[in-house]
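Reader: I should be grateful for a close look at the sheet of this model and at what surrounds it, with the cut-offs behind each term.

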Amino acid sequence: MNSEIYTPARLGPFVDRWSTRRRKKRKPALPPAPTPHQSTLETPAAPALDVGADEDAALLERILGCSHEQAARLLAGAGSLVRLARFGVDDLVALTGASRAEAERIAAACELGRRGLVQEARPAGPQLGAAAIARWFRLRIGGLFVQEIWIAGLDEAGALRGACRVSRCDVHGAGLDAGVAVRKALDMRVKTAILVHNHPSADLAVTPDDLRFTLRVHRAALSADVRLADSILVGPTSGYASMAEQGVLPGSI
């Protein structure tokens with residue numbers, strides 16, 4: 001039998017280890033109770049915004065972050081929502097009284113909506129005729145108050161490969177190098193191209209300036225081994241003018 005006597009001094013290390021193990025096994029403290037102003041329930045989500053139910057002025061108000069009265073004044077200054085979408089930034093500032101920042105927001109919103117329509121209506125399939133090309137470009141540029149000149153590229157099957165803007169606000173391309181249009185076609189890697197431009201006046205008669213610019217592009221295209229298949233005019237309303245169909249484009253008859 002072990003007759004050794006354990007004095008308090010000898011028991012000290014054992015007591016310290018036992019106390020440490022007891023401290024480690026303590027249960028974690030409970031989280032504090034919520035204060036009276038706190039809620040344990042989630043805040044219900046706000047109802048989804050239905051922009052389709054908004055009137056025109058309310059939509060413009062959301063875009064600009066302005067008052068409803070100011071949005072209504074801008075629409076009235078433009079004359080209608082359709083006219084508002086046709087204006088450029090400078091016209092919006094001059095004709096509606098919008099600030100330049102507001103005019104840029106309006107123009108960007110209108111262009112975004114226009115691009116959505118254009119992408120959805122993009123013609124597909126081989127051997128596209130002038131009517132299909134004209135319908136598509138009427139969505140893009142037909143309603144503008146400024147003239148734009150575009151060139152569309154067709155692949156070997158006659159399907160639309162792409163389209164590029166050549167000029168903006170240069171009436172009849174008087175100061176435009178015809179080679180610019182041809183280089184745009186070469187960038188699309190096509191051998192067949194179609195010129196398209198709009199007449200903001202809605203008069204789709206081919207003018208002498210239209211014909212002169214088209215002939216300049218035709219000659220530049222020949223030197224680059226690109227065939228200019230047509231030159232089409234569109235306006236804000238239905239209808240179009242095709243120089244190929246009218247027989248005034250070289251090689252069209």
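Author: Contact here means heavy atoms within 4.5 Å. The model is predicted, so to speak of local features requires pLDDT of at least 70 and side-chain atom pairs count only at pLDDT 80 or more, whereas totals for chains, interfaces and linings use all residues. Residues are numbered from 1 along each chain as its sequence is written, and side-chain values use heavy atoms, without hydrogens and water.

Five strands (DSSP E runs of at least two residues; helices are H or I runs of at least four, both numbered from the N terminus) make up an open sheet with mixed pairing, in the order 2-1-3-4-5. Strand 2 and strand 5 (240-242) are the edges, each pairing on one side only; pairing requires at least two DSSP bridges. On average, neighbouring strands are turned by 20° against each other, direction ignored. Strand 1 and strand 3 (residues 192-198) run antiparallel, joined by six bridges; G153 has A193 in strand 3 as its bridge partner.

Helix 7 lies across strand 1, strand 2, strand 3, strand 4 (227-234) and strand 5, at about 55° to strand 4. Angles run from 0 to 180 degrees between N-to-C directions, with axes fitted to C-alpha atoms, for helices over the stretch in contact. Helix 8 (residues 178-187) also packs on the sheet, where it touches strand 1, strand 2 and strand 3, and its direction makes about 155° with that of strand 2.

Beside these strands, the second largest pocket holds about 340 Å³ of space, the volume filled by probe spheres set on joined grid points. A pocket is an open set of points on a 1 Å grid where a 1.4 Å probe fits, with protein on both sides within 12 Å along at least five of seven lines; lining residues have an atom within 4 Å of a point. Of its 19 lining residues, E111, R114, E148, R165 and R168 are closest to the centre of the second largest pocket. Helix 4, helix 6, strand 1 (148-154) and strand 2 (160-168) each give two or more residues to this lining, and helix 6 has the largest share, seven residues.

The largest pocket encloses about 610 Å³ of space. Among its 25 lining residues, L81, V82, A85, C110 and R114 are closest to the centre. Helix 2 (56-64), helix 4 (81-86), helix 6 (100-120) and helix 7 (130-142) each contribute two or more residues to the lining of the largest pocket.
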